[in-house]
Amino acid sequence: MHRKRELVELGFDDRALGRALNAGDIERLRRDWYAERLHDPDVAAAVRAGGVLGCVSALRLHGLWVPPGYATLHVRRTKALRGPGDLMGCRPFRGRPVAATTAVDPIVYALACAARCMAEEGWIAVCDSYLSLHGVDVDELRDDIAPYGGAYVDAMLEKVDGRSQSGTESISRVRFRALGFEVVVQPSVDYRIYSGHADLRIGKLLIECDSEEFHNKTKDRGHDYTRDRKSLIDGWESMRVAYHEVIGAWDEIVEDVRAFTREDRHRIRSRRSLDALHRSAEIDRRGA
């Protein structure tokens, strides 16, 4: 997407713009906004309606993990916004609107808008994805989003953790902690002859959070199977949960975890498990 002044800077005067329009090389979306022949339809729809692509839709376009359930086009409102009533007209909790200089909002501003539109656990998972993909820590995100956030956003940021490797893991972590479980994220687990990381740990119970995107490959499955075998030998217990179960059968997962912890089977008592825990803790300290 280009604004007219950008095209002028590239050498397009009014006559050249007219020829490009007639040839179908560009398309006029609204006054002073144009799209090339190959363009993203969601971005074009947002600009054509008088806004810019923002919020959840912008986050998805930026490559962040976004949970299902946000199919509606999210458009950040500008003075020119018009069109059908199902456009979201998204905005952050506070702060003056950012000038619409690009057709897609920057990630941080889109996150600020999404804080109003998304469920808490979903927004936290998206922030986890942002930190993980861009190598940003939560304090940096807190500083960047502060002009548009507020107390509610600050409280959600306290639950963000960029170590999480998938949306399934992020949502599971948030939910388990809300229920009072002490959850360790990405614990280093030393299996004597095989070292690696689990997704989550409650006592000696390792919880592996599988998503279809990352666990359909033979290589990934083979790695998981090896980790399960080695962890069992060294005194750990493993439980696997899939994204569709976390979303559709969460109560059953909780009951299974509680059935395990109710009998105190998650507590680390055996010498083998204690030795493995100490080795893992040492690995975590060296990697910190």
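**Figure 1. Strand 10 in the predicted model and the burial of its residues.** In this predicted model, strand 10, which spans residues 205-210, is mostly covered, with 6 of its 6 residues buried. The side chains divide between two directions, L205, I207 and C209 pointing one way from the strand and L206, E208 and D210 pointing the other way, and all of these residues are buried. The charged residues E208 and D210 are thus listed among the buried positions of strand 10, together with L206, which points the way they do.

**Figure 2. The neighbours of strand 10.** Strand 9 (residues 200-202) runs antiparallel to strand 10 and is joined to it by 3 bridges, and within this pairing L200 has I207 of strand 10 as its bridge partner. The two strands, 9 and 10, form a hairpin with 2 residues between them, and G203, which lies in the turn, has a positive phi of about 60 degrees. Strand 10 also pairs with strand 11 (residues 237-242), here in the parallel sense and over 6 bridges. In that second pairing the bridge partner of I207 is M239 of strand 11, so that I207, which is a partner of L200 as well, takes part in bridges to both strand 9 and strand 11, because a bridge partner is listed for it in each of them.

**Figure 3. A salt bridge between helix 1 and helix 2.** A search of the whole structure finds 11 salt bridges, and one of them is formed where the side chains of D14 and K4 meet, with an N to O distance of 3.1 Å. The pair links distant parts of the chain, since D14 belongs to helix 2 (residues 14-23) and K4 to helix 1 (residues 4-9), 10 residues apart. D14 counts as exposed at 55% relative accessibility, whereas K4, at 25%, counts as partly exposed.

**Figure 4. A salt bridge between helix 6 and a loop.** E120 and K159 form a salt bridge in which the closest N and O atoms are 2.6 Å apart. This pair also links distant parts of the chain, with E120 in helix 6 (residues 120-134) and K159 in the loop between helix 8 (151-157) and helix 9 (167-178), 39 residues apart. Both partners count as partly exposed, E120 at 27% relative accessibility and K159 at 38%.

**Figure 5. Charged residues in and around helix 7.** D139 forms a salt bridge with R142, the closest N and O atoms being 2.7 Å apart. Because they stand 3 residues apart in helix 7, D139 and R142 are separated by about one helical turn, and D139 is partly exposed, with a relative accessible area of 46%. Salt bridges that share partners join D139, R142 and E158 into one network. Helix 7 comprises residues 138-145 and includes D143, which is exposed, with a relative accessible area of 57%. On the surface, D143 gathers with D137, E140 and D144 in a patch of negative charge.

**Figure 6. Y34 in strand 3 and its approach to H2.** Y34 is found in strand 3, which covers residues 33-36, and at 8% relative accessibility this residue counts as buried, because the limit for that class is under 20%. The C-alpha atoms of Y34 and H2 are separated by 5.3 Å, although these residues are 32 residues apart along the chain.

Terms used. Residues are numbered from 1 along each chain as its sequence is written. This is a predicted model: local features need pLDDT of at least 70, side-chain atom pairs count only at pLDDT 80 or more; totals for chains, interfaces and linings use all residues. Side-chain values use heavy atoms; hydrogens and water are left out. Patches are made of residues with over 30% relative accessible area and no salt bridge: like charges are joined within 9 Å, nonpolar side chains (Val, Leu, Ile, Met, Phe, Trp, Tyr) within 5 Å. Accessible areas come from the Shrake-Rupley method with a 1.4 Å probe; for residues, only the protein chains shown count as cover. A salt bridge is a side-chain nitrogen of Lys or Arg within 4 Å of a carboxyl oxygen of Asp or Glu. Lys and Arg count as positive and Asp and Glu as negative; His and the chain ends are not counted. The place of a charge is taken as NZ of Lys, CZ of Arg, CG of Asp or CD of Glu. Helices (H or I, at least four residues) and strands (E, at least two) are DSSP runs, numbered from the N terminus. Buried means under 20% relative accessible area, exposed over 50%, partly exposed in between (1.4 Å probe, protein chains only).
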